[in-house]
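User: I would like to learn how to read salt bridges and strand pairing in a protein model. Could we work through one example together?

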Amino acid sequence: QVQLVESGGGLAKPGGSLRLSCAASGSFWDIHHMGWYRQAPEKPRELVAVIFSSGRTNFSDSARARFTISMDNAKNTIYLQMDALKPEDTAVYYCYAEILLTTGVRVDSWGQGTQVTVSS
């Protein structure tokens with residue numbers, strides 16, 4: 001079983017910054033990729049950023065110029081540095097990972113979500 005534990009959400013002012021963390025724990029062989037999705041009220045969940053074990057990254061158009069995603073492989077942890085925050089970034093942010101278990105099964109795992117609110 002894999003657990004993803006998120007931290008770092010909260011309240012920020014427009015133009016401010018927040019840093020989210022997500023740590024993966026459990027019995028697994030490898031993390032193929034991890035990333036962040038977000039869901040605002042009455043909107044579908046959308047991809048924010050993803051990082052592969054190779055270091056390759058992908059971002060949504062809204063995040064590309066303002067957010068940075070990084071991974072600490074030794075800690076099985078990813079970070080999302082969010083700068084120049086806008087009110088439209090307000091959402092619940094979910095950590096996601098595609099992981100290869102010790103059983104040889106590849107699974108998708110989700111964190112519990114962390115609230116990010118951008119407001120003056």
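User: Are Arg66 and Asp89 buried or exposed?

Analyst: First, note that this is a predicted model. A residue counts as buried when its relative accessible area is under 20%. In this structure both Arg66 and Asp89 are buried.

User: What links Arg66 and Asp89, and how far apart are the closest N and O atoms?

Analyst: Side chains of opposite charge can pair when their charged atoms come close. Here Arg66 and Asp89 form a salt bridge, with 2.7 Å between the closest N and O atoms. Arg66 sits in the loop between β6 (57–59) and β7, and Asp89 in the loop between β8 and β9, so this pair ties together parts that are 23 residues apart in sequence.

User: Which residue forms a salt bridge with Asp89 from strand β4?

Analyst: That is Arg38, whose salt bridge with Asp89 has its closest N and O atoms 2.9 Å apart. The pair links distant parts of the chain: Arg38 belongs to strand β4 (residues 28–39), and Asp89 lies 51 residues away in the loop between β8 (77–82) and β9. Both Asp89 and Arg38 are buried.

User: How does Glu46 fit in, and is Glu46 buried or partly exposed?

Analyst: Glu46 forms a salt bridge with Arg38, and the closest N and O atoms are 2.7 Å apart. Glu46 is partly exposed, at a relative accessible area of 37%, whereas Arg38 counts as buried because its relative accessibility is 6%.

User: Which residues do the shared salt bridges join into one network?

Analyst: Arg38, Glu46, Arg66 and Asp89 are joined into one network by salt bridges that share partners. The structure holds five salt bridges.

User: Now the strands. In what order do the four strands of the open sheet lie?

Analyst: In a regular strand the side chains alternate between the two faces of the sheet. In this model, the order of the four strands is β1-β3-β8-β7, with antiparallel pairing. The edge strands, β1 (2–7) and β7 (67–72), each pair on one side only. Neighbouring strands of this sheet are turned by 15° against each other on average, direction ignored.

User: How many bridges join β1 and β3?

Analyst: Six bridges join β1 to β3 (residues 18–26) in the antiparallel sense. As an example, Glu6 has Cys22 in β3 as its bridge partner.

User: What can I look for in the hairpin of β9 and β10?

Analyst: Strand β9 (residues 91–101) pairs with strand β10 (residues 106–110) over five bridges, in the antiparallel sense. Tyr96 has Trp110 in β10 as its bridge partner. The hairpin has four residues between the strands, and Gly104 takes a positive phi near 90°.

Technical notes: Residues are numbered from 1 along each chain as its sequence is written. This is a predicted model: local features need pLDDT of at least 70, side-chain atom pairs count only at pLDDT 80 or more; totals for chains, interfaces and linings use all residues. Side-chain values use heavy atoms; hydrogens and water are left out. Two strands pair if DSSP finds at least two bridges between them. Helices (H or I, at least four residues) and strands (E, at least two) are DSSP runs, numbered from the N terminus. Axes are lines fitted to C-alpha atoms, for helices over the stretch in contact, and angles run from 0 to 180 degrees between N-to-C directions. A salt bridge is a side-chain nitrogen of Lys or Arg within 4 Å of a carboxyl oxygen of Asp or Glu. Buried means under 20% relative accessible area, exposed over 50%, partly exposed in between (1.4 Å probe, protein chains only).
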